[in-house]
Amino acid sequence: MSTKDASLASVIESLRVKQDKPLKLSDHDPAATLGWDKEAAKLELEDVKVRIDVLQQRLFAEEQRSLLLVLQAMDAAGKDGTIRNILAGLNPAGIKVSSFGVPGGPEVQHDYLWRVHAAAPSKGLIGIFNRSHYEDVLVVRVKQFVPKSVWSKRYDHIKAFEELLDDEGTKVVKCFLNVSQDEQRKRLQERVDDPEKRWKFRMGDLEDRKLWPEFQEAYTDALAKTSTDKAPWYVVPADRNWVRNLAVAKILLHHLEEMKPQLPPEEEGIDGLVVT
Ligand code: AMP
Ligand code: MG
């Protein structure tokens, strides 16, 4: 293993939520720098993106498997920013971004996994979920949209669903962007103050903010109960955008490398062919 690969593996390991181990989110510092330097991290992100680009092309060419990156977080933790930053420069034809808001229309007439399963990436693609089926054990639990007897069964459904995806060729990787309560306050204030950002702010964001401890508890449970080898969770420090971006990019790279996507076999007779 090269030094670069070893350092990638150790960062991944330190952020991964371990299976069957109690999780304390308060042990995870949202402002952590992971020992990185800001300027060097920006350069490294470019290098990581080049490597992701090569593997994305191979995954696309192979057309046998896909990768689903789930992003979950409190408001203003940077889900949109992460997507914009990491995906810039990749081939848009190979990416499918799906955002999940309050369910409506046919969504409410089906089970909660229906809409997410329909949005899962097809073979060859990298899918990104901006929020996901986890909302159904997070906001739905915290705001008591359904009774405990209903949401408490969902962790098992979710594990089985993600296992199905994995068995059928979709690698599931999940990142919780861990922002601090104070950083969220600053960012929500920025949204209020900046006319270009105000569209992102909803009064309801303040209600969710008041329920911070309840959300932390729900996140802790969701992450601890559903982080598996097949579909691991990562707690990504999100108070500093540059740390968040590099960490998510490295997690994505690590899993793409693990998948080892292969170019399809060449047609006979191409080797040495001279095009005239
Ligand atoms: P945003 O991602 O900030 O544009 O907001 C989307 C909103 O939809 C958030 O407040 C989520 O909590 C909410 N949401 C997403 N999925 C669900 C769900 N299954 N049930 C209720 N609310 C949801
Ligand atoms: Mg929002």
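In this predicted model, Glu13 has a relative accessibility of 39% and therefore counts as partly exposed, since the partly exposed class lies between the limits of 20% for buried and 50% for exposed residues. Arg16, with a relative accessible area of 18%, is buried, because this value falls under the 20% limit. Glu13 and Arg16 are joined by a salt bridge, in which the closest N and O atoms are 3.8 Å apart, and this pair therefore satisfies the rule that the nitrogen and the carboxyl oxygen lie within 4 Å. The count of salt bridges comes to 21 by this rule.

A salt bridge also links the side chains of Arg131 and Asp75, with a distance of 3.1 Å from N to O, and both residues appear again in the description of ligand 1. Arg131 is among the residues that come nearest to ligand 1, together with Val102, Arg115, Glu135 and Arg202, out of 13 residues around the ligand. For Asp75, an N or O atom of the side chain is found 3.3 Å from an oxygen atom of ligand 1.

Two further contacts of ligand 1 involve Val102 and Arg115. In Val102 a backbone N or O atom is placed 3.2 Å from an oxygen atom of the ligand, whereas in Arg115 a polar side-chain atom lies 3.2 Å from a nitrogen atom of the ligand. Of the 500 Å² of accessible area that ligand 1 has on its own, 79% is covered by the protein. The shell around ligand 1 consists, by class, of six nonpolar residues, six charged residues and one polar residue, and the space that the ligand takes up is the largest pocket.

Notes:
Residues numbered from 1 in each chain as written. Chains lettered and ligands numbered in written order. Predicted model: local features only at pLDDT ≥ 70, side-chain atom pairs only at ≥ 80, totals over all residues. Heavy atoms only, no water. Near = heavy atom within 4 Å. Polar contact = N/O pair within 3.5 Å; in protein donor to acceptor, adjacent residues only side chain to side chain. Areas by Shrake-Rupley, 256 points an atom, 1.4 Å probe, with all protein chains shown as cover. 1 Å grid on protein atoms, 1.4 Å probe; cavity = no way out; pocket = protein on both sides within 12 Å on 5 of 7 lines; lining within 4 Å. Sits in = over half its atoms within 2 Å of the grid points. Nonpolar A, V, L, I, M, F, W, Y, C, P; charged D, E, K, R; others polar. Buried < 20%, exposed > 50% of the residue type's maximum accessible area, 1.4 Å probe, protein only.
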